[in-house]
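I opened my notebook to look at aromatic rings and one acidic residue. Here is what I looked up, entry by entry.

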Amino acid sequence: MADIALVPLRMEHVAAVLDLGYRVYDTSVKPYTSWSLSAMAHHLDSTEPACWAALDGDVDAARLAGFVLGSMGFDQRTDWGNLEWIATDPDYRGRGIAGRLVEACCESLVKAGATAVVTDVESRNAASATLMKRHGFREGVTVTLFVRDAPPAADGA
Ligand SMILES: CC(C)(COP(=O)(O)OP(=O)(O)OC[C@H]1O[C@@H](n2cnc3c(N)ncnc32)[C@H](O)[C@@H]1OP(=O)(O)O)[C@@H](O)C(=O)NCCC(=O)NCCS
């Protein structure tokens, strides 16, 4: 099987990244509800982007195997890097591609001055939790989203 190359994510990859994200994230539930072109742009616009694409094939006709989107800053912590989005195409899973993407992203963030890199993992996402633990992340604080549904509308309202 041909090698998968990691390259800095460029504008020409944006459509494929957006599409892969929509295929693999359930955008009806947190934290994936914010997946969008503007979520991507936030990272690409950063003065210190840490965004990588994993490509299968020649540069001109390469297929996107996976991506990671990171940038400096997390909430008010300007000294933290944020690895916010990562995905591997289902056809390419289990080959260590996400692990390589995590390492590339973290290396970029540390070079940019990050004193730590943070990422959030949805509690049922075992694949993502294992991936992060295997690559040096330890569990920090847990935040649970409590949801209060609106009461049903009264008849005739
Ligand atoms: C999470 C995801 C990126 C992993 O991609 P991948 O390329 O298959 O991961 P890798 O092959 O690099 O595996 C990395 C580690 O995670 C583990 N892992 C991967 N998939 C797993 C699964 N379904 N269950 C348990 N562990 C899993 C691997 O065993 C590996 O650990 P190891 O090195 O000890 O063997 C991929 O499943 C995915 O795209 N999921 C949907 C998107 C998503 O949930 N992204 C995270 C939130 S933004």
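My entries on ring pairs come before those on a glutamate.

**Entry: ring pairs.** I am working with a predicted model. I searched the whole structure for aromatic pairs and found six. I took Tyr25 and Trp85 to begin with: their ring centres lie 5.1 Å apart. Their planes meet at 50°, which is between 30 and 60 degrees, so I noted the pair as tilted.

**Entry: where that pair sits.** I looked up both partners along the chain, and the pair links distant parts of it, 60 residues apart. Tyr25 is in the loop between helix H1 (14–24) and helix H2 (37–45), while Trp85 belongs to strand E4 (residues 77–88). Are the two buried or exposed? Both Tyr25 and Trp85 turn out to be buried.

**Entry: another pair.** Next I checked Phe74 and Trp80, whose ring centres are 6.2 Å apart with planes at 40°, so this pair is tilted. Phe74 has a relative accessible area of 24%, so I put it down as partly exposed. Trp80, at 25% relative accessibility, is partly exposed as well.

**Entry: the cluster.** I then asked which residues form one aromatic cluster. They are Tyr25, Tyr32, Trp35, Phe67 and Trp85.

**Entry: Glu122.** I found Glu122 in the loop between strand E5 (116–118) and helix H4 (126–134). Its relative accessibility is 17%, under the 20% cut-off, so Glu122 counts as buried. I also saw that its side chain makes a polar contact of 2.7 Å with the side chain of Arg124. Leaving out residues up to four places away in sequence, Glu122 touches Lys30, Pro31 and Tyr32. Tyr32 was already in my notes as part of the aromatic cluster.

How values were computed:
Residues numbered from 1 in each chain as written. Predicted model: local features only at pLDDT ≥ 70, side-chain atom pairs only at ≥ 80, totals over all residues. Heavy atoms only, no water. Phe/Tyr/Trp six-rings, centres within 6.5 Å; stacked < 30°, edge-to-face > 60°. Helix = DSSP H or I, 4+ residues; strand = E, 2+ residues; numbered from the N terminus. Buried < 20%, exposed > 50% of the residue type's maximum accessible area, 1.4 Å probe, protein only. Polar contact = N/O pair within 3.5 Å; in protein donor to acceptor, adjacent residues only side chain to side chain. Contact = heavy atoms within 4.5 Å.
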